[in-house]
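Visitor: I've just opened this one and could use a tour. Can you walk me through it?
Guide: Sure, have a look first.

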Amino acid sequence: MKKQKIKLYNEKELEDTRKRSKDFIDAFYEGRKKLMKEHPLTTLFLEVTSRCNAHCDHCGSSCGDFIPKDEVTGEEIKGVLKDIYDKGYNTSGIMLAVTGGEPLLRKDLFELMKYARSLGYPWGITSNGILIDKEMVNNMDEAGMYSISVSIDGLKDTHEEFRHVKGSWEKIINGLKLMLKSKVIQVVQVTTVVNKKNISELEDIYNFLYKIGIRHWRVVQVDPIGRAKHSSILLDPEQTEYMFNFIAEKQREGKMEVLYGCSHFLGMDVEPIIRKNPFICLTGICVGSVLSNGDIFVCPDVERRPELIQGNIRKEKFTDVWENKYKPFRKITRTSNEKCKKCKDWKLCGGDALHTWDFETNEPGFCHLEMFLRK
């Protein structure tokens, strides 16, 4: 891997980007405050299980293969969906992001999603892909699944070492090929968690995915959370620079949609070229979740501290909680400290992503600007 400096722009583009007006920054800041006040629900994560058939090195929730006694029931999940529908929410504008653990382990999943479709919700899954076969794809089609994101974290050996499931790679690739033939599934996306073990394979992964027909690739940087919090797989600054240059190059080629994940403010020299829309962490603002034990929460990747849990569907209606609680997440200073507020990019960054915020020290657990991007 060659050592590179970030070269996402030519000199003219870079000059124009750095001249972005104070008016734009102020408008973005005011827009975030308005969104916090109105808090429209646009994404609801349904963590239908914490069980998993893999043991990934980066897992943010440290999932396992045990069946917890308090796993939310199908009727309880239906109750949440019906509550939102009955309250008059525009369910067609609320994406159900089904996650886990591995959601395909849940036996009643497609029954639940057929019910969700009957109420107007679009839905998609995040999966490790191991269980996807012809029968599973037929079930996805019958339940009207809109999208799926499947994890591919390297070529065969690298992926299986990272996910700790021998013989899984061929099953996953076969599942992807089957879903690409579906006339119901609109988006078959692959997500790759970039880390020290696979960064040298990015070009090969890209070429392979394109060859089998994948046109949607989401590239995310491994975060210091869960099993990866103090891990040796975290990227160093040089590798991070390489990753961003790689993404920018592939975006310019235009053969495949290559997206960087939603996490982290990248700095104004990089942000506009990597993303179509500026970074904003919407968890608790437009994004809510129901966890596998019934807890009402924000993005499932956020640290599950007791003081952050907003309620439980076994005791409260989701809509009552969404409309009347979540106050800690809807403050413009929710992720800030004196150091952050003195930063020139504070109004755009807002303290970065909540899922990597260190609640003990009250500071970002990860900051691209401190890492290498600040000039």
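Visitor: Let me start with a detail. What is the relative accessible area of Asn362, and is the residue buried or exposed?
Guide: Asn362 is partly exposed, because its relative accessible area is 37%. Here buried means under 20%, exposed means over 50%, and partly exposed is in between, with a 1.4 Å probe and protein chains only. This is a predicted model, where local features need pLDDT of at least 70 and side-chain atom pairs 80 or more, while totals for chains, interfaces and linings use all residues. Residues are numbered from 1 along each chain as its sequence is written, and side-chain values use heavy atoms, leaving out hydrogens and water.

Visitor: Where is Asn362 found?
Guide: Asn362 is in the loop between β11 (357-358) and β12 (363-364). Helices (H or I, at least four residues) and strands (E, at least two) are DSSP runs, numbered from the N terminus. Asn362 also has a positive phi of about 55°, although it is not a glycine.

Visitor: Why bring up the sign?
Guide: Because most residues other than glycine have a negative phi. His264 is another non-glycine with a positive phi, about 80°.

Visitor: Is His264 buried or exposed?
Guide: His264 counts as buried because its relative accessible area is 1%. You'll find it in the loop between β7 and α10 (271-274).

Visitor: OK, big picture. What order do the strands of the open sheet have?
Guide: The open sheet has 10 strands with mixed pairing, in the order β7-β6-β5-β4-β3-β2-β1-β8-β9-β10. Its edge strands are β7 and β10 (311-312), each pairing on one side only. Two strands pair if DSSP finds at least two bridges between them.

Visitor: Which strands does β1 pair with?
Guide: On one side, strand β1 (residues 43-47) runs parallel to strand β2 (residues 95-99), joined by five bridges. There Glu47 stands opposite Thr99. Strand β8 (residues 287-290) also pairs with β1 in the parallel sense, over four bridges, and Phe45 faces Ser289 across that pairing.

Visitor: And how does β8 run relative to β9?
Guide: β8 and strand β9 (residues 295-297) are antiparallel and share two bridges. Ser289 turns up again, this time opposite Phe297 in β9.

Visitor: What about the edge strand β7, which way do its side chains point?
Guide: They alternate along β7 (residues 257-260): Val258 and Tyr260 are buried and point to one face, while Glu257 and Leu259 point to the other and are not buried. β7 pairs in the parallel sense with strand β6 (residues 216-221) over four bridges, and Leu259 is the bridge partner of Arg218.

Visitor: Which strands does helix α4 lie across?
Guide: Helix α4 (residues 109-118) lies across β1, β2 and β3 (123-127), at about 150° to β3. Axes are lines fitted to C-alpha atoms, for helices over the stretch in contact (heavy atoms within 4.5 Å). Angles run from 0 to 180 degrees between N-to-C directions.

Visitor: What sits in the loop between β2 and α4?
Guide: Gly101 is in that loop, and a cis peptide bond joins Gly100 and Gly101, with omega about 25°. Leu105 lies there too. Leaving aside neighbours within four places in sequence, Leu105 is in contact with Arg51, Cys52, Asn53 and Leu131. Leu105 is rated partly exposed because its relative accessible area is 22%.

Visitor: New topic: how many cavities of 30 Å³ or more are there?
Guide: One. A cavity is a set of points on a 1 Å grid over the protein atoms alone where a 1.4 Å probe fits but cannot get out, and lining residues have an atom within 4 Å of a point. Points join across faces, edges and corners, and volume is the space filled by probe spheres set on them. The largest cavity holds about 80 Å³, and its lining residues include Arg32, Met36, Phe279 and Asp352.

Visitor: What is that lining made of?
Guide: Seven nonpolar, two polar and three charged residues. Ala, Val, Leu, Ile, Met, Phe, Trp, Tyr, Cys and Pro count as nonpolar, Asp, Glu, Lys and Arg as charged, and the others, Gly among them, as polar.

Key
1 Å grid on protein atoms, 1.4 Å probe; cavity = no way out; pocket = protein on both sides within 12 Å on 5 of 7 lines; lining within 4 Å.
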